[in-house]
Amino acid sequence: MTDSIVEQASIQDRDLLLRLSLYFDSFDQRVRQGQGWFIFNADGGRGRRISSFIERQLNEHRSGVHSFVISWRDFALSAYVNEVGIPQLEPQARQPGATPRLSKEVAFARMVTDDVWLRCSSAELLMLVGLKPAHAHEVEFLDRAIEERYRQRLATILVTPETPQELEANVASVDPTQQMWDRLFTRMYETSLVAL
């Protein structure tokens, strides 16, 4: 199955898929070293082909490595709930006369986003597919996750449909500190193989 995917791909994709195969040939060692991937220009069919290939490899290499695969949509939704929704609703839920339903919904939202955060920040390998930030809360959540993973030397695979320049511009456009792109790129560059 893997060979047919490689044979049907473009030259650039064949090269990347072969490089990914080599990565998975020594997967346990690379994960222990915290080595991941930063893959750019993976939109549409290319993005699906690359992420499917990686997910198949992860399923084949279930050697006790705890991995977590999350789409950008789900990551961004969790970022919104964690960074915007809960901070707005928690004070209302604590007010006298707040409905029990609101308190339950806030508690449930907190439980779900805490689970996503725990998995993003502690899985031995995190793969985030479709990275395309458009809001400050997304970049802030991503920045914290990458920083925590870097601190622990955990492997991260980021797959984005954007070029490095596009991703840099998108991050910079929503980052009030103008420091998150440099930190993200530096952390990923130090610990990951890069593919354009």
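These exercises walk through a predicted model, each with a worked solution.

The model is predicted, so local features need pLDDT of at least 70 and side-chain atom pairs count only at pLDDT 80 or more, while totals for chains, interfaces and linings use all residues. Residues are numbered from 1 along each chain as its sequence is written, and side-chain values use heavy atoms, with hydrogens and water left out.

**Exercise 1. Find the cavities and describe the linings.**

Start with the term. A cavity is a set of points, on a 1 Å grid over the protein atoms alone, where a 1.4 Å probe fits but cannot get out; lining residues have an atom within 4 Å of a point. Grid points are joined across faces, edges and corners, and a volume is the space filled by probe spheres set on the points.

Step 1: count. The whole structure holds 2 cavities of 30 Å³ or more.

Step 2: take the largest cavity. Its space is about 50 Å³. Its lining is made of Ile146, Arg149, Tyr150, Leu154, Thr156, Arg187, Met188 and Thr191. Helix H7 (136–152) and helix H9 (180–191) are the elements that give two or more residues to this lining. Helices (H or I, at least four residues) and strands (E, at least two) are DSSP runs, numbered from the N terminus.

Step 3: sort by class. Ala, Val, Leu, Ile, Met, Phe, Trp, Tyr, Cys and Pro count as nonpolar, Asp, Glu, Lys and Arg as charged, and the others, Gly among them, as polar. The largest cavity's lining then has 4 nonpolar, 2 polar and 2 charged residues.

Step 4: turn to the second largest cavity. About 30 Å³ of space lies there. Val139, Leu142, Asp143, Val171, Met180 and Leu184 line the second largest cavity. H7 and H9 each give two or more residues to that lining. H7 gives the most, with 3 residues. By class, this lining has 5 nonpolar, no polar and 1 charged.

**Exercise 2. Decide whether His137, Pro176 and Asp28 are buried, partly exposed or exposed.**

Apply the cut-offs: buried means under 20% relative accessible area, exposed over 50%, partly exposed in between (1.4 Å probe, protein chains only).

Step 1: His137. This residue sits in helix H7. Its relative accessible area is 14%, so His137 is buried. Now list its contacts (heavy atoms within 4.5 Å). Beyond its neighbours within four places in sequence, His137 touches Ala76, Ala79, Tyr80, Glu83 and Val84.

Step 2: Pro176. The loop between H8 and H9 holds Pro176. Its relative accessible area is 64%, so Pro176 is exposed. From Pro176 to Gln57 is 119 residues in sequence and 38 Å in space, C-alpha to C-alpha.

Step 3: Asp28. Helix H3 (residues 27–32) contains Asp28. Its relative accessible area is 32%, so Asp28 is partly exposed. Asp28 and His61 are 33 residues apart along the chain, with 8.5 Å between their C-alpha atoms.

**Exercise 3. Trace the nonpolar cores.**

Define first. A nonpolar core is a set of buried Ala, Val, Leu, Ile, Met, Phe, Trp, Tyr and Cys residues joined through side-chain atoms within 4.5 Å.

Step 1: size. The largest nonpolar core has 26 residues, and Phe75, Leu128, Leu131 and Leu158 have the most contacts inside it.

Step 2: sources. At least two residues of this core come from each of strand E2 (67–71), helix H5 (72–94), helix H6 (100–122), strand E3 (125–129), H7, helix H8 (164–174) and H9.

Step 3: one member. Leaving aside neighbours within four places in sequence, Leu128 is in contact with Ile70, Ser71, Trp72, Phe75, Leu142, Ile157, Leu158 and Val159.

Step 4: the other core. Apart from the largest lies another core of 21 residues, among them Leu17, Trp37, Ile39 and Val65.

**Exercise 4. Classify the aromatic pairs around Tyr23.**

Rings of Phe, Tyr and Trp (its six-membered ring) pair if their centres lie within 6.5 Å; planes under 30 degrees apart count as stacked, over 60 as edge-to-face and the rest as tilted.

Step 1: count. This rule gives 11 aromatic pairs.

Step 2: Tyr23 and Phe24. Their ring centres are 5.2 Å apart and their planes stand at 85°, so the pair is edge-to-face.

Step 3: Tyr23 and Trp37. This pair is edge-to-face too, at 6.1 Å centre to centre and 75° between the planes. Tyr23 in helix H2 (residues 11–25) and Trp37 in strand E1 (residues 36–39) are 14 residues apart.

Step 4: burial. Tyr23 is buried at 1% relative accessibility, and Trp37 is buried at 0%.

Notes
1 Å grid on protein atoms, 1.4 Å probe; cavity = no way out; pocket = protein on both sides within 12 Å on 5 of 7 lines; lining within 4 Å.
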